[in-house]
Structure formats: C-alpha cells, structure tokens
Amino acid sequence: MARYQRSAFGYGWGDANGDCQNSRAEALVASSTTQVRFATDRGCRVVAGRWVSTFTGNVIQNASNIDIDHLVPLAWSWDRGANKWSGEKRLRFANDPVNLLPVEASLNRSTITI
C-alpha cells in the first residue's frame with residue numbers, strides 16, 4: 001500500500017459549487033452562531049463570526065483562530081480504503097461538509113503526550 005500523503009486528497013480547500021466560498025468558508029458560515037463577516041463585499045473569505053468550541057466551550061470570534069478539522073481523519077481513511085479511491089472521490093471526501101468540524105486552531109495544532 002502506498003504511504004499516506006495529504007496531497008492525495010487535493011491541495012487546499014475546494015470550491016465545488018464555484019461560488020467563491022471554499023469548503024473552509026462554508027463550514028465557518030454553517031457553524032457560526034451569528035452572521036459572519038467577510039473580508040470583502042464579494043463574500044468569499046470569512047474573517048469574523050461567533051463559534052463555540054466543541055472541546056472547551058470557549059467563544060471564538062476571529063476566523064483566523066479556527067482550523068477546520070476532519071471528523072474522520074484523512075490518514076485514517078487512507079489506511080481503510082481511500083488509497084484505492086479516485087483522486088476526485090478523495091477530493092470530495094476531504095471537502096465534504098458532513099466531515100468538517102471547526103475547532104480552535106491552538107488545540108488542533110497542539111501536541112499532547114499521554
């Protein structure tokens with residue numbers, strides 16, 4: 001089996017419907033408890049909203065403090081069959097809104113030793 005590489009699931013966030021909001025922006029819009037603010041009038045990049053951390057209960061208002069994580073990790077799915085999927089199917093999976101969860105960037109990027 002080929003070794004997992006994140007790039008096998010595409011580069012960056014996709015914009016499947018071509019509305020200028022990539023799947024990160026759409027996840028942020030969908031999960032904000034208030035109307036989001038965009039960087040420009042075009043409405044592509046989310047800069048502010050109100051998100052409540054699933055893990056800590058903290059309220060986050062700056063979109064740059066949010067990472068979008070995969071509920072089913074891409075590496076885990078690779079080891080369980082995604083390595084045999086087409087590139088298009090992997091790209092759809094990596095950008096599937098059902099599999100995306102906004103999380104605190106500081107927690108998502110931390111290293112915890114148990």
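Visitor: Where does Cys20 lie?
Guide: Residues are numbered from 1 along each chain as its sequence is written, and this is a predicted model, where local features need pLDDT of at least 70, side-chain atom pairs count only at pLDDT 80 or more, and totals for chains, interfaces and linings use all residues. Side-chain values use heavy atoms, with hydrogens and water left out. Helices (H or I, at least four residues) and strands (E, at least two) are DSSP runs, numbered from the N terminus. On that numbering, Cys20 is found in the segment before H1.

Visitor: What value is the phi of Cys20 near?
Guide: Most residues other than glycine have a negative phi. Cys20 isn't a glycine, yet its phi is positive, near 80°.

Visitor: Which residue forms a disulfide with Cys20?
Guide: Look for two cysteine sulfur atoms within 2.5 Å, the cut-off for a disulfide. One disulfide turns up by this rule. It links distant parts of the chain, 24 residues apart: the segment before helix H1 (23-31) and the loop between strand E1 (37-38) and strand E2 (46-52). With its sulfur 2.0 Å from that of Cys20, the partner is Cys44.

Visitor: Is Cys44 buried or exposed?
Guide: Buried means under 20% relative accessible area, exposed over 50%, and partly exposed in between (1.4 Å probe, protein chains only). Cys44 comes in at 17% relative accessibility, so Cys44 counts as buried.

Visitor: Which element gives the largest share of the largest nonpolar core?
Guide: A nonpolar core is a set of buried Ala, Val, Leu, Ile, Met, Phe, Trp, Tyr and Cys residues joined through side-chain atoms within 4.5 Å. The largest one has 11 residues, including Val46, Trp51 and Ile68. H1, E2 and E4 each give two or more residues to this core. The largest share, three residues, comes from H1.

Visitor: Which residues of H3 are buried, and why do they sit on the same side?
Guide: Helix H3 spans residues 87-94. Its buried residues sit on the same side because they cover an arc of only 95° around the axis, taking the arc from the directions between the helix axis and the C-beta atoms. Those residues pack against strand E4 (66-70), helix H2 (74-79) and strand E5 (100-104), where contact means heavy atoms within 4.5 Å. The buried ones are Arg90, Phe93 and Ala94.

Visitor: Which residue forms a salt bridge with Arg92?
Guide: A salt bridge needs a side-chain nitrogen of Lys or Arg within 4 Å of a carboxyl oxygen of Asp or Glu. Arg92 is exposed, and so is its partner, on the face of H3 turned away from the buried side. The two are four residues apart, about one turn of the helix. With the closest N and O atoms 3.1 Å apart, the partner is Glu88.

Visitor: There are two salt bridges, right, and which residue pairs with Arg109 in one of them?
Guide: Yes, two in the structure. Arg109 is exposed at 60% relative accessibility, whereas its partner is buried at 11%. Arg109 lies in the segment after helix H4 (105-108) and the partner in strand E4, so the pair ties together parts 42 residues apart in sequence. The closest N and O atoms are 2.7 Å apart, and the partner is Asp67.

Visitor: Which residue in E5 stands opposite Ile66?
Guide: Two strands pair if DSSP finds at least two bridges between them. E4 and E5 do this in the antiparallel sense, over five bridges. E5 is mostly covered, with four of its five residues buried. The E5 residue opposite Ile66 is Glu104.
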